[in-house]
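Please study the sequence and the structure shown below before attempting the exercises. Each task is followed by a solution that proceeds step by step.

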Amino acid sequence: HLMSRELFLQANEEFRNGDVHRAITLYTQSLEAGPSAEALCNRSLSYRRIGDLENSLSDAKEAINLYPKHAKGYVLASVASEELNNFSEAIQFCESGFREVPGDATLQKRWTAATFKILDDFNYSVDASTRYIPAVEDCFQYPYVDVFDLEILPSLIKKFDNIASQKYFSRDSEESDSEEPEMEKEFGFSWTFSPFMVDKCSQLGYFPMALLIDRFFALGVKLHVERCVADPKEVHVSKTTRNKSKGFSFSCNKAYDQVLAECHKQHGENWLCAKLRHAFSFMHANPDLFETKMHSVEVWKEGKLVAGELGYTVGDCYTSQTGFYTLSGTGTLQLCVLSRLLAKQGFTVWDFGMQMDYKEKLGGRKISRESWLNLVQERRTKKAFLVCPETNARDLLVSF
């Protein structure tokens with residue numbers, strides 16, 4: 001392929017001299033003489049220079065197919081997709097590249113730019129100081145750990161234990177002088193609220209929530225010492241709840257932002273702070289970008305939303321985050337109907353978070369941190385989908 005190489009070098013020279021059209025001609029002749037991912041990438045860049053984004057993307061994709069270990073193809077495909085306003089595809093090219101060329105710095109920078117582009121397009125605001133690769137990092141000078149590989153993140157659990165003596169409370173908190181803060185050994189945190197970070201942590205079984213640290217909210221990464229879980233099929237539904245279900249309807253994902261707003265209204269600016277609410281809302285609106293799926297559950301009475309909860313799914317495991325109710329008994333009704341729907345749609349694990357009396361009455365049981373991590377590892381590759389158009393609540397209760 002000597003002729004191909006000579007034509008390739010001539011094309012490079014023409015490109016440097018500014019004659020992009022001549023360079024494209026020579027790259028084409030070089031490729032006709034012999035296939036080359038390098039020539040395809042350079043022709044892709046040339047097409048982009050003259051505004052021909054479709055051909056730029058086509059060449060980049062062909063370069064990836066020809067030589068998957070070449071990071072430049074993924075970068076160029078991502079750039080072309082972004083400039084064609086296909087932000088989701090721009091990110092997906094980068095994530096495909098990470099599997100083939102892990103740790104490539106140029107690809108990581110491109111991924112960062114693509115993620116913030118789509119966030120900005122969603123009117124997602126972050127401080128300029130947080131515009132870096134979403135990472136779990138703490139304020140004790142540990143090297144940051146990136147989240148492109150899910151297998152990297154579990155190492156942080158050692159750091160949770162090592163920093164157990166630190167107090168994650170606001171200076172204004174009454175508990176700030178406590179010698180044994182309740183949150184010890186369960187938290188790491190990050191100063192970025194990127195939904196991509198939330199997704200990666202959730203996939204490992206870490207519960208995403210906001211922490212008030214020194215009067216500022218940070219993204220808390222909670223790994224409970226003990227987790228409360230249940231099998232949806234075994235949740236107890238009382239006769240009283242069945243009788244109260246008359247006149248109510250139930251749905252999933254019909255009013256996510258409304259449920260989010262009602263939860264905030266009832267519980268205040270706490271662990272579900274504004275930046276985290278925005279991240280959850282973004283994940284719900286763009287489910288194809290994330291492995292973790294955000295959901296809302298709604299209970300309706302004569303067309304009015306009277307109860308609901310937020311949750312997310314990892315494989316066939318459903319995690320309850322928070323909820324609200326405006327009518328007595330509707331919170332319990334919502335949980336009971338949800339249990340039947342989860343069982344019917346193939347979910348094997350209902351994660352309640354930390355243990356509480358009402359969760360135990362529903363059928364929740366405590367498991368250790370190690371058991372929980374093993375359970376998530378096992379279940380996250382399974383498939384289950386939480387969907388439900390508005391349906392009579394009683395019909396759902398008696399259908400299983």
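The exercises below concern a predicted model.

**Exercise 1. The chain as a whole**

Determine how many helices and strands the protein chain has, and what share of its residues counts as buried.

Solution. Step one is the count of elements: the protein chain has 16 helices and 13 strands. Step two turns to burial: 53% of the 400 residues count as buried. Step three considers contacts between residues at least 6 apart in sequence, of which 67% join residues at least 24 apart. Step four adds the accessible surface, which comes to about 19000 Å², with 49% of it belonging to carbon and sulfur atoms.

**Exercise 2. Helix 3 against helix 4**

Establish how helix 3 is oriented relative to helix 4, and which residues make the contact.

Solution. Begin with the geometry: helix 3 (residues 37-49) packs with helix 4 at an angle of about 165°, and their axes are 8 Å apart. Angles over 145 degrees count as roughly antiparallel. Helix 3 is therefore roughly antiparallel to helix 4. The crossing of these two helices is left-handed. Next, list the participants: helix 3 contributes Ala37, Leu40, Cys41, Arg43, Ser44, Tyr47 and Arg48, while helix 4 contributes Leu53, Asn55, Ser56, Asp59, Ala60, Glu62, Ala63 and Leu66. Sorted by class, the residues of this contact are 8 nonpolar, 3 polar and 4 charged.

**Exercise 3. Helix 4 against helix 5**

Carry out the corresponding analysis for helix 4 and helix 5: what are the angle and the distance between their axes?

Solution. Helix 4 (residues 53-66) and helix 5 (residues 71-83) pack at an angle of about 155°, and 8 Å separates their axes. These two helices are therefore roughly antiparallel to each other. Their crossing is left-handed. On the side of helix 4, the contact is made by Leu53, Ser56, Leu57, Ala60 and Ile64; on the side of helix 5, by Gly73, Tyr74, Leu76, Ala77, Ala80, Ser81 and Glu83. The classes in this contact are 8 nonpolar, 3 polar and 1 charged residues.

**Exercise 4. Positive phi in loops**

For asparagine 85 and glutamate 302, state where each residue lies and whether each is buried or exposed.

Solution. Take asparagine 85 first. Its place is in the loop between helix 5 and helix 6 (87-100). Asparagine 85 has a positive phi of about 65° although it is not a glycine. Exposed means a relative accessible area over 50%; asparagine 85, at 58%, therefore counts as exposed.

Glutamate 302 is in the loop between strand 8 (293-301) and strand 9 (304-314). Its phi is also positive, at about 55°, although glutamate 302 is not a glycine. With a relative accessible area of 76%, glutamate 302 is exposed.

**Exercise 5. Two charged residues in helices**

Decide whether arginine 379 and glutamate 32 are buried or exposed.

Solution. Arginine 379 is found in helix 15 (residues 369-379). Buried means under 20% relative accessible area; at 15%, arginine 379 therefore counts as buried. Leaving aside neighbours within four places in sequence, arginine 379 is in contact with Val314, Gly315, Asp316, Thr348 and Val349.

Glutamate 32 is located in helix 2 (residues 20-33). Its relative accessible area is 64%, so glutamate 32 is exposed. Finally, glutamate 32 and serine 4 are 28 residues apart in sequence and 7.8 Å apart in space, C-alpha to C-alpha.

Key:
Residues numbered from 1 in each chain as written. Predicted model: local features only at pLDDT ≥ 70, side-chain atom pairs only at ≥ 80, totals over all residues. Heavy atoms only, no water. Axes fitted to C-alpha atoms, helices over the stretch in contact; angles between N-to-C directions. Helix = DSSP H or I, 4+ residues; strand = E, 2+ residues; numbered from the N terminus. Parallel < 35°, antiparallel > 145°, perpendicular 65-115°, else oblique. Left-handed = near helix turned anticlockwise from the far one by under 90°. Contact = heavy atoms within 4.5 Å. Nonpolar A, V, L, I, M, F, W, Y, C, P; charged D, E, K, R; others polar. Buried < 20%, exposed > 50% of the residue type's maximum accessible area, 1.4 Å probe, protein only. Areas by Shrake-Rupley, 256 points an atom, 1.4 Å probe, with all protein chains shown as cover.
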